[in-house]
Amino acid sequence: MQRKDLISIADLSGEEVADLLRLAAEVKAHPGRHAQALAGQILAMVFEKPSLRTRVSFEAGMLQLGGHAITLGPADISMGSRESVPDVARNLSRFAQGIMARTFAHATVTTLAEHATVPVINGLTDLLHPCQALADMQTLAEARGGLAGLRLAFVGDGNNVCHSLMNAGARVGVSVTAVVPPGYEPDAGIVAAAAREGEGRGARIQVTHSLEEGLAGADAVYTDVWASMGQESEAESRRTIFAPYQVNARTFALARADALFMHCLPAHRGEEVTDEVCDSPRSVIFDQAENRLHAQKAVLIRLMAARAAG
């Protein structure tokens, strides 16, 4: 990767995404080959939001690569109040060889990257979730033997996960359709840019309000919680608006007969998805969770090992 940070998959070329996915598959199959890739290096992990998969996968990944991770929660830093974001970036750059941040505002991560002298990895913002999308593409490739020509339907809110899936799909040849209620469409600029990127790779990036239209022929049906962290005050109204978009047996049947079910977790069972779909033989949700570890190890190697070697 010819860059310092991973903020958005939109910053990567198709070749760079393919390289990360190849490396992720390799470290999963042969973890010992990279057991000392980050020996002696430290990843500072900054959390404004609670985390299960992000924290454990990055911490385990650093340990498995021979390094160490330090977790910093809101009470440890209080970015923007106790200390400015630029000063946090400057301080952490003196102590650690990399920074991973899971924040609310996307500008927080971009500001960290602007002022840090070490690689910054976007562990999630309200706008994007690139590490999740990389793990999702790895999961699809494993399940289907490749990615080119696949069709994924994302059902629910046009959120950060939806944005990053569109960015990733456009670069690896996976068509992504957001199936959303009116008024909850993904960012129009991200959709347009991903659609342009996908044209040369046979990936159609589009938005619809129709479940029948969006799920027809889909190789995978993906959903996420209806109210993300920070949207708790909207949870009740969203339940009513999103109820027709629940992924249940009837909805799932609109896709291909062998379609996979995907979810970035945590799942609010009984809301955006039913147990019968979540626990079905075609559900790959825990494969996705595991692949967060492997995809992120690939990112850590490409950003931190290459930098150390240089």
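**Figure 1. Overall fold of the predicted model.** The protein has 310 residues, and a compact globule of that length would have a radius of gyration near 19 Å; the protein has 19 Å, so the two agree. This is a predicted model. Taken along the principal axes, the C-alpha atoms fill a box of roughly 55 × 40 × 35 Å. The secondary structure comes to 13 helices and nine strands. Two open sheets appear in the views that follow, one of four strands and one of five.

**Figure 2. The four-stranded sheet.** Strand order is β2-β1-β3-β4, and the pairing is parallel. The sheet is open. Which strands stand at its edges? They are β2, residues 68–72, and β4, residues 120–124. Each has a single partner strand, so one side of each is left without a neighbour in the sheet. From one strand to the next, the twist averages 20 degrees.

**Figure 3. Close-up of the β3–β4 pair and L124.** Strand β3 covers residues 98–102. Four bridges join β3 to β4, and the two strands run parallel. R102 has L124 of β4 as its bridge partner. L124 is found in strand β4. What is the sign of phi at L124, positive or negative? The phi of L124 is positive, about 150 degrees, although L124 is not a glycine. Most residues other than glycine have a negative phi.

**Figure 4. Helix α2 against the four-stranded sheet.** Four bridges join β3 to β4 in this sheet. Helix α2, residues 53–64, packs on the sheet. The helix touches β1 (42–47), β2, β3 and β4. The direction of α2 makes about 175 degrees with that of β1.

**Figure 5. The five-stranded sheet.** The order here is β7-β6-β5-β8-β9. This sheet is open too, with parallel pairing. Its edge strands are β7, residues 205–208, and β9, residues 260–263. Each edge strand pairs on one side only. The twist averages 20 degrees from one strand to the next.

**Figure 6. Close-up of the β8–β9 pair and helix α7.** Strand β8 spans residues 220–223. How many bridges join β8 to β9? There are four, and the strands run parallel. Y222 has M262 of β9 as its bridge partner. Helix α7, residues 160–172, packs on this sheet. The strands touched by α7 are β5, β6, β7 and β8. The direction of α7 makes about 160 degrees with that of β6.

**Figure 7. The cis peptide bond at P266.** A cis peptide bond joins L265 and P266. Omega is about 5 degrees. Most peptide bonds are trans. Where does P266 sit? Its place is in the loop between β9 and α12, a helix of residues 275–278.

**Figure 8. The cavity.** The count comes to one cavity of 30 Å³ or more. The largest cavity has a volume of about 30 Å³. Its lining consists of R151, L152, A153, S175, T177, G214, A216 and A218. Two elements, β5 (151–155) and β6 (175–179), give two or more residues to this lining. Which of the elements gives the largest share? Strand β5 does, with three residues. By class, the lining of the largest cavity has four nonpolar, three polar and one charged residues.

**Figure 9. The second largest pocket.** This pocket has a volume of about 160 Å³. Twelve residues line the pocket. Closest to its centre are D126, D157, N159, S228 and Q231. What classes make up the lining of the second largest pocket? The lining has seven polar, four charged and one nonpolar residues.

Conventions: Residues are numbered from 1 along each chain as its sequence is written. This is a predicted model: local features need pLDDT of at least 70, side-chain atom pairs count only at pLDDT 80 or more; totals for chains, interfaces and linings use all residues. Side-chain values use heavy atoms; hydrogens and water are left out. Two strands pair if DSSP finds at least two bridges between them. Axes are lines fitted to C-alpha atoms, for helices over the stretch in contact, and angles run from 0 to 180 degrees between N-to-C directions. Contact means heavy atoms within 4.5 Å. On a 1 Å grid over the protein atoms alone, a cavity is a set of points where a 1.4 Å probe fits but cannot get out, and a pocket is an open set with protein on both sides within 12 Å along at least five of seven lines; lining residues have an atom within 4 Å of a point. Grid points are joined across faces, edges and corners, and a volume is the space filled by probe spheres set on the points. Ala, Val, Leu, Ile, Met, Phe, Trp, Tyr, Cys and Pro count as nonpolar, Asp, Glu, Lys and Arg as charged, and the others, Gly among them, as polar. The radius of gyration is taken over C-alpha atoms; the globule rule is 2.2 Å times the number of residues to the power 0.38.
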